[in-house]
Amino acid sequence: MDKIEHLGIAVKDLKSANTVYEKLLGVAPYKMEEVASEGVMTSFFKCGESKIELLEATKPESAIAKFIEKKGEGIHHIAFSVTNIKAEVTRLKKEGFTVLNEEPKKGADNKWVVFLHPKSTRGVLVELCQERNNE
Ligand code: ZN
């Protein structure tokens with residue numbers, strides 16, 4: 001793991017949440033991007049080396065909608081950047097972590113992503129992300 005790449009925060013309304021985080025961080029989001037396969041609309045803020053990702057559900061069966069239903073708005077996941085996501089998946093599986101998708105999928109902000117189940121990480125959804133350079 002290289003560093004914490006971003007924190008993902010589940011929000012009910014991206015537009016009003018953007019305003020709040022714009023005030024908090026003193027910058028506008030540098031990108032907004034829909035990930036249709038996950039049923040989410042996202043926006044990204046830079047805070048020094050780190051990033052904040054806000055996620056709003058675009059359909060009721062989205063994981064974000066379910067999360068908000070259960071827990072309300074708040075921190076949804078921690079994302080770590082890795083240089084070799086497949087090697088990390090192999091390593092973490094050996095260590096006994098539950099990998100939700102072994103095959104990396106296309107995430108927002110030009111990343112390959114893999115998620116670890118919160119039950120194997122003391123209640124935190126963990127995202128591994130690797131830069132997607134060539135597509
Ligand atoms: Zn994320």
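**Zinc site**

I checked the angles at the zinc ion first: they run from 81 to 165° among its 4 donor atoms, so the site is irregular, meaning that it fits none of the set geometries (four donors are tetrahedral if all angles lie between 85 and 135 degrees; four are square planar and six octahedral if opposite donors are over 155 degrees apart and all others between 65 and 115). This is a predicted model, where local features need pLDDT of at least 70, side-chain atom pairs count only at pLDDT 80 or more, and totals for chains, interfaces and linings use all residues. I kept in mind that residues are numbered from 1 along each chain as its sequence is written, and that side-chain values use heavy atoms, with hydrogens and water left out.

Next I looked up the protein donors (N, O and S atoms within 2.8 Å of the metal, or 3.2 Å for Na, K and Ca; water is not among the atoms, so sites may look incomplete). I found His6 (NE2), Glu53 (OE), His77 (NE2) and Glu127 (OE), 2.1 to 2.2 Å from the zinc ion. Their spacing in sequence reads H-x46-E-x23-H-x49-E.

**Burial**

Are His77 and Glu127 buried or exposed? His77 is buried, at a relative accessible area of 2%, and Glu127 is buried too, at 5% (buried is under 20% relative accessible area, exposed over 50%, partly exposed in between; 1.4 Å probe, protein chains only).
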